[in-house]
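Reader: Could you walk me through the bonds and charge pairs in this one? I'm new to this, so please go slowly.
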Amino acid sequence: MKLLKPSWVSHNGKPIFSVDIHPDGTKFATGGQGEDSGKVMIWNMAPVLREEDEKNENISKMLCQMDNHLACVNCVRWSNNGLYLASGGDDKLVMVWKRAAFIGPSTVFGSSSKLANVEQWRCVTILRNHTGDVMDVAWSPRDVWLASCSVDNTIVIWNARKFPEMITTLRGHTGLVKGLTWDPVGKYIASQADDHSLKVWRTVDWQMDANITKPFSECGGTTHVLRLSWSPDGQYLVSAHAMNNSGPTAQIVERDGWKTNMDFVGHRKAVTVVKFNPKIFKKKQKNGSSPKPSCPYCCCAVGSKDRSLSVWLTSLKRPLVVIHDLFDKSIMDISWTLTGLGMLVCSMDGTVAYLDFSLDELGDPLNEEEKNSIHQNIYGKSLAITSTEAQLSTTIIENPEILKYQQERQNSAQANSGPGAAAPESSAPKLNSVMNGESLEDIRKNLLKKQVETRTADGRRRITPLCIAQLDTGDFSPALFNSVPILPSGSSMSSQLTPQLSSDSSPGQASSMGLKPTHDPMLTSPPPNNTAKPMEDNNDGVKSSLLLTSASKIEPMKALDSRFTERSKATPVTVQKEAKTKEETSSDSEDKMAAINKNLTFGKRKPELLLDGREVLEKRKKGRPRKDKMAASMAQPFTQEPSRVVAPPAPVAVLKLPTPSTQKAFSLQVSMEPSVFLEVENEVSMVAGSKLSQLRCSRDGRDWNTLLPSSVVVAAGSSDILAVACEDRMLSVFSSCGRRLLPAIQLGTPASALHCSAHYVMVLTAGATLSVWDVQKQKALVKNESLLTVLSGADTTVSQSLLTQQGVPVIGLSNGKSYCFSSSLETWTLIADKSDSLVQCADFRSCLPSHDTPVSSGPLAVMQGRNLNAGRLASRLSSTPHHLQQSMTLAFLENQLASALTLQSAQEYRYWLLIYARFLVNEGSEYRLRELCKELLGPVHKSAATSWEPTTLGLRKRELLREVLPVIGENLRFQRLFTEYQDQLELLRNK
Amino acid sequence: MAKVQVLNVAVLDNPSPFGNPFQFEITFECMEDLAEDLEWKIIYVGSAESEEYDQILDSVLVGPVPAGRHMFVFQADAPNTGLIPESDAVGVTVVLITCTYRSQEFIRIGYYVNNEYTDPELRENPPIKPDYTQRNILASNPRVTRFHINWEGCTERMEDCENVDPSSNSMLPPSCLPGKAPPLGVLPDNSMDCL
């Protein structure tokens with residue numbers, strides 16, 4: 001064993017609380033106290049390992065230092081893949097660092113030390129949740145989770161794949177939690193706290209599995225940390241500070257039944273840190289001696305407050321080595337190299353020691369394969385599935401196709417991870433690429449001229465800074481997950497309409513949804529105030545000599561020094577000014593919002609109609625508070641001026657839905673391609689005492705018009721047909737050229753909403769019935785179906801209705817539920833529910849196809865709309881147990897699939913099917929995946945008895961399967977499934 | 001931790017005649033998109049003895065600031081000589097660049113400035129009106145002080161908001177004109193340091 005104390009590893013004499021060696025063994029991190037903040041430093045490992053490197057001036061020892069923690073750093077830990085460094089400190093924060101690729105060496109601006117940061121590590125995410133000092137952090141196997149524990153008595157599990165998402169908070173400790181360790185197969189996490197307990201938590205449901213208190217009952221809370229450790233074979237958990245017969249020990253806890261029969265004894269003071277060697281060893285074969293089978297064993301280092309370090313082999317009863325007086329103060333942390341032969345130890349005294357062992361001393365380390373086979377023997381293959389990538393990579397790829405998918409995936413992963421991950425040594429500045437070939441120098445020359453400068457409303461200068469580099473935070477960017485813009489509240493659903501759908505909000509609702517005069521003049525900016533630079537003349541105080549002595553030259557220096565560090569006393573003034581600017585910017589943004597709202601509401605469809613309708617409503621409101629009664633009056637045929645007619649007592653039971661009011665004239669755009677406009681002018685001419693209404697249509701510049709005997713209340717159209725409903729409850733349907741297709745249909749009650757789509761007409765009547773006709777076939781698809789089944793509750797009303805291209809009617813209710821009427825099932829089916837907790841909690845973001853834009857135009861998306869996004873956000877906040885979340889997501893996705901199927905929305909069906917398949921692949925549910933594939937493939941051999949349809953919604957099922965298979969191929973575990981169906985598809989294609 | 005790190009400040013047009021505008025090319029890096037603008041100020045310390053003679057040469061808003069590395073040139077007019085005590089017109093003083101976010105100062109960069117006559121004859125016999133001096137900013141030795149502030153919005157962290165004294169604004173004497181440096185000791189130190 002060799003021992004080295006590299007004196008250059010120091011935090012200027014301040015305590016070092018944590019040390020961790022990078023998985024690739026080329027560098028290590030230390031964490032501790034800085035000058036007036038916490039400090040994380042990254043060091044080069046080479047000068048520790050080799051003396052010649054230590055002496056070589058060209059090899060930098062310190063690679064990077066980060067002063068960003070506000071208070072002492074208690075723990076630094078590299079992720080298992082080596083890409084990230086997590087640090088936790090007394091500032092209650094956990095920071096996750098990633099190496100920035102595009103920046104070369106640089107000094108910290110203004111820092112007194114001229115030491116350059118050779119590598120740039122950037123904080124990519126800050127995890128805020130703890131209310132007290134963070135004492136320990138730990139990455140789970142495979143870097144799925146990051147756990148942090150704190151003096152706030154809690155442990156927080158973070159989703160390491162979607163920072164800063166929290167998975168859960170583990171509560172149960174009643175004292176400061178000071179140490180964490182993951183089970184190497186990922187089934188448990190263990191924590192040790194000052195409450196005299198060691199707790200083991202299950203990762204499957206995040207509940208406590210064991211609470212071990214006996215060995216700790218005599219312990220006092222005397223140590224700064226309690227870093228416990230799990231053996232690499234997973235069989236033993238060794239605690240920090242425990243007591244046995246009033247002597248300090250490190251308690252060995254057996255995985256089997258959490259028995260506590262053994263301990264490591266010998267330290268004179270409390271054990272602060274235990275760290276298992278990551279390797280499992282077997283006895284070195286002596287030359288000449290016959291190879292006899294020996295049990296593999298583990299190696300464990302124990303550090304204590306008594307300043308000594310002991311190293312144990314589980315095959316020996318006594319420690320392998322004990323080193324006393326290595327440090328002046330307590331040992332704080334230990335880290336092994338991945339090779340298992342080197343170890344770094346740090347101490348409160350601010351120094352670090354490196355220990356180098358030989359194979360003769362420790363034994364022969366098992367290779368990864370042997371270690372995996374031990375894991376598989378103990379835990380079975382099912383747990384091995386949840387363990388390392390390394391295991392999967394040893395799986396033999398049996399199919400060339402799957403090899404292709406794997407390679408493609410790796411390529412894209414490499415492209416994503418950026419140059420920093422691919423080539424960690426490349427530190428060349430890559431700024432040029434960001435700036436279109438213009439060099440930084442060129443930019444700097446003209447920056448003053450080129451930079452954009454504007455004036456704010458109060459006359460202040462505002463400079464738009466020139467962005468010279470993006471941050472390469474990549475996979476942590478929250479924008480990735482919320483890329484669907486969330487519409488400002490108050491914008492109406494109609495903004496999401498596209499030409500292929502015919503829909504609108506029912507007018508009564510529309511006025512309450514998006515048409516409020518949001519542009520409130522009261523909110524606009526106050527009169528610009530004088531920004532007042534302090535340039536007032538100040539002519540007094542002209543005095544004293546101008547003599548310059550050397551003393552006076554130095555004197556102001558001292559006086560001036562304080563000015564560098566004290567905040568300006570002028571701040572209060574600016575605060576006032578700032579407050580005003582703040583106010584202004586906020587009102588600015590409100591105005592903008594309002595403008596956007598207006599655009600959204602009026603922009604796409606029926607602009608005039610909506611505007612007019614609103615005006616009409618407003619006018620009539622005067623002196624007439626009851627709108628629904630007024631609506632009832634519309635039912636009277638030949639009403640000349642509806643506003644003057646005294647409404648008869650409205651038959652409320654019959655008229656459940658509001659009806660639009662009659663207007664003098666309105667127009668609407670029926671379709672964009674070809675562009676069809678519809679103009680309605682009511683009561684144009686008087687013939688023999690009765691008034692006629694004119695319907696004019698212009699289609700691609702060609703006009704036609706027709707006359708109707710009664711005022712038109714609502715009109716709608718598609719590229720194929722046009723339909724109008726009149727005051728006399730007559731519904732007329734015309735072809736796109738103005739030919740009447742059907743004789744007028746008599747409706748039972750006035751029309752509330754009317755839609756056309758393709759050659760379908762849908763009418764929602766005020767009596768809450770729904771009818772859909774297929775004009776081409778002259779058949780009814782839905783016949784006077786009552787909405788009363790779904791209109792439960794007194795206040796529920798229809799807020800939205802639409803007709804899909806396939807003639808499926810959909811209605812959205814004010815209670816957030818959306819139904820569609822399935823004509824094949826002859827029943828109402830629920831397709832969306834905004835209060836559905838499944839929607840809120842489903843988390844399938846990882847399964848979203850990155851390159852595909854989500855289908856936002858399908859009927860399902862329109863009905864679920866914003867709500868779906870809200871669900872995405874909500875799931876980030878909620879801390880549901882993983883298995884529950886998994887089930888909820890599964891249920892949600894299956895709901896979506898079924899809804900898309902009922903709505904006959906083929907594109908959406910395909911979209912959700914792929915997400916569903918990806919989710920099944922990610923979560924490893926082979927059972928459902930197989931059933932899905934089976935359904936898509938159908939019977940390979942034709943038989944009369946089968947009822948299998950080769951298509952669904954016009955999509956060929958086998959084509960869908962062809963799209964699903966690559967997704968399955970991404971997970972090597974399903975390669976058998978992949979091969980099986982790939983082969984059968986090939987077989988069918990050749991037939 | 002600070003969302004904005006100043007990476008470099010290059011002093012342009014230095015040394016230069018006293019009447020030339022100050023020019024600083026500021027490079028900074030921002031970790032997350034900022035909801036509000038940064039406010040930068042250049043303060044010229046007229047006299048070491050008293051803050052009374054501080055002149056805010058200019059203040060600009062800089063925004064919008066998305067995550068990334070940015071640069072801009074902050075140019076401000078030279079100080080008003082009339083406001084500088086004649087005894088301090090020649091010699092060493094300080095120019096400060098401060099940046100605030102949500103009205104909280106989080107960085108202060110200070111430079112020593114030496115104003116002197118270039119003409120040896122004037123140096124021997126300084127004139128009464130100290131114009132025509134040359135300004136030399138000691139660019140190689142910036143003094144950087146960073147302050148911890150609350151970067152989050154008030155809604156997110158209520159407990160931090162409580163630290164911000166809401167009455168500090170109302171305690172301003174009504175006679176105090178905006179921009180004029182308030183006399184010492186009258187005002188509470190409006191510290192919003194949220195540690």
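Author: Let us begin with a term: a disulfide is a pair of cysteine sulfur atoms within 2.5 Å. This is a predicted model, in which local features need pLDDT of at least 70 and side-chain atom pairs count only at pLDDT 80 or more, while totals for chains, interfaces and linings use all residues. Residues are numbered from 1 along each chain as its sequence is written, chains are lettered from A and ligands numbered from 1 in the order in which they are written, and side-chain values use heavy atoms, with hydrogens and water left out.

Reader: OK, how many disulfides are there over all chains?
Author: A search of the whole structure finds zero. Take A:Cys697, which is in no disulfide, the nearest cysteine sulfur being that of A:Cys737 at 8.9 Å.

Reader: Why is there no bond for A:Cys737?
Author: Because its sulfur lies 8.9 Å from the closest cysteine sulfur, in A:Cys697, which is too far for a bond.

Reader: And is A:Cys697 buried or exposed?
Author: A:Cys697 counts as buried, because its relative accessibility is 1%, and buried means under 20% relative accessible area, exposed over 50%, and partly exposed in between, with a 1.4 Å probe and protein chains only. A:Cys737, in contrast, counts as exposed at 60%.

Reader: Switching topic, how many salt bridges are there over all chains?
Author: The count comes to 33, where a salt bridge is a side-chain nitrogen of Lys or Arg within 4 Å of a carboxyl oxygen of Asp or Glu. One of them pairs A:Glu119 with A:Arg99, whose closest N and O atoms are 3.4 Å apart.

Reader: Where do A:Glu119 and A:Arg99 lie?
Author: A:Glu119 is in the loop between β8 (93–99) and β9 (121–128) of chain A, and A:Arg99 is in strand β8, so the pair ties together parts that are 20 residues apart in sequence. Helices (H or I, at least four residues) and strands (E, at least two) are DSSP runs, numbered from the N terminus. Both A:Glu119 and A:Arg99 are buried.

Reader: What about helices, which residue does A:Glu894 meet?
Author: A:Glu894 meets A:Arg928 in a salt bridge of 2.4 Å, N to O. A:Glu894 belongs to helix α16 (residues 882–902) and A:Arg928 to helix α18 (residues 926–937), both of chain A, so the pair ties together parts 34 residues apart in sequence. A:Glu894 is partly exposed at 28%, and A:Arg928 is partly exposed at 34%.
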